[in-house]
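This report looks at how helices pack against one another and how aromatic rings pair within a single chain.

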Amino acid sequence: MSTRSPVIDLPLLSSTLGVSLPVFTMVFIGAALRRLGWIDQSFVNTASSLVFRVTMPTLLFLSLLRATPGDDLKLELVAFYLGISAVIFFIIWAWALWRCPREDRGVYVQGAFRGNCGIVGLALSANMYGSTGLSLGSIMAGGIIIVNLVMSAIVLSVYSPVVSSRPLDILKDVATNPLIIGIAAALPLTYLHLDLPSWLMTSGDYLASLSLPLALICIGGSLSIKAARESGALALSASLWKLVLMPAIGVGLALAAGYRDTELGMLFLFLGSPTAAVAYVMARGAGANERLAANIIMLSTLLSIVTISLGLLLLSVWRLI
């Protein structure tokens with residue numbers, strides 16, 4: 001009995017790149033604008049704050065408001081995603097105990113685990129699955145933000161020389177996070193089928209439409225090729241955990257659990273997102289190795305262009321998504 005290996009045809013390759021390239025093109029545009037001097041670090045800081053505090057919460061709020069409870073808000077999938085993310089976090093931590101110097105362990109684990117799901121993962125999901133990807137992705141992003149905050153605070157505090165992780169501080173960070181507030185505000189309205197005035201929805205759409213392109217431009221404006229070149233073995237190892245091993249473990253467990261098609265694709269996109277920029281802020285606040293954190297962010301963002309595109313292509317060739 002002969003077996004025929006999958007053939008990658010051009011239409012399939014084109015459709016796969018059609019998901020990832022628009023997102024990463026915006027990142028490259030941000031990098032080009034920074035190099036040309038048309039935007040600077042002050043712009044990146046201000047725009048990132050605007051996205052985090054205003055436009056992204058608005059986007060999450062409106063996408064959930066338009067979702068259909070039970071259809072778009074697949075809470076079983078969200079719970080599975082959060083559960084396997086927590087499991088992988090502890091696997092990475094166990095690995096770090098063996099392979100990573102103690103003083104860098106907290107930064108390494110956070111960088112290898114904490115994905116940029118609220119921007120890159122959500123943008124890819126929306127581009128690939130439309131309104132379903134946006135509404136379901138919003139719930140997944142909101143849930144993983146809480147998990148990331150808690151897990152990162154714990155692992156950084158264990159190895160930090162200057163901070164201690166108090167439960168009340170973590171709870172305060174979660175409760176005051178604008179993204180969480182936007183999601184929490186939308187859920188009751190969604191389940192009660194309450195509608196906002198059309199003029200308010202239109203104004204909200206104008207504001208929300210700024211979120212993903214502006215956020216992606218800010219990521220590009222923050223990239224440093226020099227920092228990526230200076231990345232050492234630890235930064236590369238953490239990036240490979242984030243981009244290759246974490247999605248591979250997650251997708252393997254998802255296949256065993258019976259997930260396919262849109263659900264499996266969403267899981268891959270979120271698990272395979274590069275390290276979140278906020279990992280640098282938390283590492284710096286914990287008095288940890290902020291340079292290592294920055295290098296992981298830069299390297300994982302650059303490498304994710306290849307790993308996400310290749311992962312989507314393989315899953316499509318194998319007819320899993």
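The text below takes up two helix contacts in turn and then the aromatic pairs.

The model is predicted, and the description that follows should be read with that in mind.

Helix α2 (residues 41-65) and helix α5 (residues 117-159) have axes that come within 12 Å and cross at roughly 20°, and the two helices are therefore roughly parallel to each other, an angle under 35 degrees being counted in that way. The crossing of α2 and α5 is left-handed. On the side of α2 the contact is made by Met-56, Leu-59, Leu-60, Ser-63 and Leu-64, while α5 contributes Gly-118, Ile-119, Leu-122, Leu-134, Ser-135, Ser-138 and Ile-139. Sorted by class, this contact of α2 with α5 has eight nonpolar and four polar residues, and no charged residues.

Helix α5 also packs against α4, here at an angle of about 160° and with the axes 8 Å apart; α4 and α5 are therefore roughly antiparallel to each other, since the angle is over 145 degrees. The crossing of α4 and α5 is right-handed. In this contact Arg-105, Gly-106, Val-107, Val-109, Gln-110 and Phe-113 of α4 meet Val-147, Asn-148, Met-151, Ser-152, Val-155, Leu-156 and Tyr-159 of α5. By class, the contact of α4 with α5 has eight nonpolar, four polar and one charged residues.

With ring centres required to lie within 6.5 Å, the count comes to nine aromatic pairs. Two of these pairs are set out here.

| Pair | Centre to centre | Angle between planes | Arrangement |
|---|---|---|---|
| Phe-80 and Tyr-259 | 4.9 Å | 50° | tilted |
| Phe-89 and Phe-113 | 5.1 Å | 65° | edge-to-face |

The pair of Phe-80 and Tyr-259 links distant parts of the chain, with Phe-80 in helix α3 (residues 75-99) and Tyr-259 in the loop between α11 (233-256) and α12 (261-271), 179 residues apart. Phe-80 counts as buried because its relative accessibility is 18%, which falls under the 20% limit, and Tyr-259 is buried as well, with a relative accessible area of 9%.

The planes of Phe-89 and Phe-113 stand at 65°, so the pair is edge-to-face. This pair likewise links distant parts of the chain, since Phe-89 belongs to helix α3 and Phe-113 to helix α4 (residues 105-113), 24 residues apart. Phe-89 is buried with a relative accessible area of 1%, and Phe-113 is buried with 2%.

Phe-89 and Phe-113 also belong to one aromatic cluster, which they form with Phe-90, Trp-93 and Tyr-159. Among the members of this cluster, Phe-113 and Tyr-159 appear in the contact of α4 with α5 described above.

Key:
Residues numbered from 1 in each chain as written. Predicted model: local features only at pLDDT ≥ 70, side-chain atom pairs only at ≥ 80, totals over all residues. Heavy atoms only, no water. Axes fitted to C-alpha atoms, helices over the stretch in contact; angles between N-to-C directions. Helix = DSSP H or I, 4+ residues; strand = E, 2+ residues; numbered from the N terminus. Parallel < 35°, antiparallel > 145°, perpendicular 65-115°, else oblique. Left-handed = near helix turned anticlockwise from the far one by under 90°. Contact = heavy atoms within 4.5 Å. Nonpolar A, V, L, I, M, F, W, Y, C, P; charged D, E, K, R; others polar. Phe/Tyr/Trp six-rings, centres within 6.5 Å; stacked < 30°, edge-to-face > 60°. Buried < 20%, exposed > 50% of the residue type's maximum accessible area, 1.4 Å probe, protein only.
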